[in-house]
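I sat down with this one to see how its parts fit together. These are my notes, in the order I looked things up.

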Amino acid sequence: MDLVAGVLAGERLALARLITQVENDMPEGREALNRLFSHTGKAHLIGVTGSPGTGKSSLVNLIAKAYRTPADGRPPCKVAVVAVDPSSPFTGGALLGDRVRMRDLAGDPGVFVRSMASRGALGGLSHSTAAVVQVLDAAGFDKILIETVGAGQSEVDIARLAHTTLVVEAPGLGDDIQAIKAGILEIADILVINKADRPGVENTERALRSNLELAHPERMHIGSCGRGGKANQPKAGMPEALDGQVWVPPVLRTIATQASGVAELMAAIECHLAYLKATGEWQTREHERLQTELTQLLQAVLVARWREGVSDAELRDVVTRLQERELSPLKAVEQLLDLDAVPESY
Ligand SMILES: Nc1nc2c(ncn2[C@@H]2O[C@H](COP(=O)(O)OP(=O)(O)O)[C@@H](O)[C@H]2O)c(=O)[nH]1
Ligand SMILES: [Mg+2]
């Protein structure tokens, strides 16, 4: 069976099999990605990140359902969910729990859910997630939700993959909001305080807003369509959001277990998409993302190609000379690459 043709024709079995090949970086998977690439670039990628237990999977479930049953009579979107959990290297508790929470979506042909566990090498996680997302994009999913645990560079990288990133917080959960990484706040397009039924929600919101102000001091005076009751009218809110051409991350409250706050959240997500499209920011992000991907790929391939031409013994010898301080690292590179000097711009 030609899996690529199957994926383009919307066959789920072909999709599941091809994703496995891509996830495992198999030669067939690489070849398929080459063929599928021209079909990508259409999906809206939505990242959902935050600490474990904040309710990301519950929210993803609600968002997916909302896209399947739009209230305003628009046709339903095709939705894919990619749940990445590097903390569970085996498909154990966390992923099983996700499957239970995603149960409502099972059986809907317009929804595809895939869990990815880390395969050891953390560096490879964002790479394989990006590749899986490409396959889903080519398969014609309109919305791709990517759930990641918000900790560490790898998750930040995955969030950068997304067009719209939701950072999910919850009151009382390791309530040390100071510990929210500045990096995480900087990647947030929408801040969600879930579990708003829990005590301490005001404190969490206050702490979040002041942290946000530190992260985006120049932006705080500008209105946004996700706020101030305008959330139900993203289009009406647009001019405000576009004031000064900057996006102010709205802070929203939800109670996932009661499906409360979902309409406002959906409006904010769609408003952000409209903002990206209207300002040209969509193209800018796409350009940056592809440039980063190309650079990383070039680095990896250049090193791999160079490594094929050098013997283990030669490399070992150079490292030994480094260890004995006979060589500096830069001199070692010059020697290994047979250069008079490393380029100034390296
Ligand atoms: N009280 C309350 N519990 C919630 C809410 N949202 C999710 N939960 C519960 O919190 C737990 C963790 O949710 P989950 O979606 O798996 O969080 P994740 O680890 O961030 O994906 C589950 O038992 C949910 O039922 C909420 O808004 N309020
Ligand atoms: Mg989860």
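**Entry 1: a cysteine in a loop**

Before anything else, a note to myself: this is a predicted model. I started at cysteine 77. With 17 C-beta neighbours inside 10 Å it counts as partly exposed, because buried would take 20 or more and exposed 12 or fewer. I found cysteine 77 in the loop between helix H4 (56-68) and strand E2 (79-85). Leaving out residues up to four places away in sequence, cysteine 77 touches Tyr67, Asp142 and Lys143. I also checked lysine 65: it sits twelve residues from cysteine 77 in sequence, and the C-alpha atoms of the two are 9.8 Å apart.

**Entry 2: the sheet**

Next I followed the strands. In what order do the strands of the open sheet come? I read off E3-E2-E4-E1-E5-E6-E7, seven strands with parallel pairing. At the edges are strand E3 (111-117) and strand E7 (251-253), each of which pairs on one side only. On average, neighbouring strands of this sheet are turned by 20° against each other, if I ignore direction.

Then I went through some pairs:

- E2 and strand E4 (residues 143-149) pair in the parallel sense, over six bridges. Valine 79 stands opposite lysine 143 in E4. I had already met Lys143 as one of the residues that cysteine 77 touches.
- E5 and E6 are also paired in the parallel sense, over four bridges. Glutamate 169 has isoleucine 193 in E6 as its bridge partner.
- E6 and E7 run parallel and are joined by three bridges. Here isoleucine 193 has arginine 253 in E7 as its bridge partner.

So isoleucine 193 turned up twice in my list, with glutamate 169 and with arginine 253. I looked at E6 from both sides as well. Ile190 and Val192 lie on one face, Leu191 and Ile193 on the other, and all four are buried, which leaves both faces of E6 covered.

**Entry 3: a helix on the sheet**

Which strands does H4 touch? I noted strand E1 (44-50), E2, E3, E4, strand E5 (164-169) and strand E6 (190-193), with H4 packing on the sheet. The direction of H4 makes about 175° with that of E4.

**Entry 4: around ligand 1**

H4 came up again when I moved to the ligand. I found 17 residues surrounding ligand 1, and the closest are Gly55, Lys56, Ser57, Ser58 and Ala256. H4 gives the largest share of this shell, three residues. Both H4 and helix H5 (93-101) supply at least two residues each. What kinds of residue make up the shell around ligand 1? I wrote down nine polar, five charged and three nonpolar.

**Entry 5: two helices that cross**

I went back towards the start of the chain for helix H2 (residues 12-23) and helix H3 (residues 27-36). Their axes come within 7 Å and cross at roughly 110°. That makes H2 roughly perpendicular to H3, because the range for that label is 65 to 115 degrees. On the H2 side, Leu18, Gln21 and Val22 make the contact; on the H3 side, Glu28, Gly29, Ala32 and Leu33 do. By type, the residues of this contact are four nonpolar, two polar and one charged.

**Entry 6: two positive phi values**

Most residues other than glycine have a negative phi. I looked up two that don't fit that pattern.

Aspartate 25 has a phi near 55°, a positive value in a residue other than glycine. Its place is the loop between H2 and H3. Buried, exposed or partly exposed? Aspartate 25 counts as partly exposed, with 14 C-beta neighbours inside 10 Å.

Arginine 325 has a positive phi too, near 60°. I found arginine 325 in the loop between helix H13 (312-323) and helix H14 (329-337). Arginine 325 is exposed, because just 7 other C-beta atoms lie within 10 Å and the label covers 12 or fewer.

**Entry 7: a buried leucine**

My last stop was leucine 161, in helix H7 (residues 152-161). Leucine 161 counts as buried, because its 22 C-beta neighbours inside 10 Å meet the cut-off of 20 or more. Not counting residues up to four places away in sequence, leucine 161 touches Leu45, Gly47, Thr129, Ala130, Val133, Ile146 and Arg289. Serine 126 is 35 residues from leucine 161 in sequence, yet their C-alpha atoms are 8.5 Å apart in space.

Methods: Residues numbered from 1 in each chain as written. Chains lettered and ligands numbered in written order. Predicted model: local features only at pLDDT ≥ 70, side-chain atom pairs only at ≥ 80, totals over all residues. Axes fitted to C-alpha atoms, helices over the stretch in contact; angles between N-to-C directions. Parallel < 35°, antiparallel > 145°, perpendicular 65-115°, else oblique. Contact = placed C-beta atoms within 7 Å. Nonpolar A, V, L, I, M, F, W, Y, C, P; charged D, E, K, R; others polar. Near = placed C-beta within 6 Å. Pairing = 2+ DSSP bridges.
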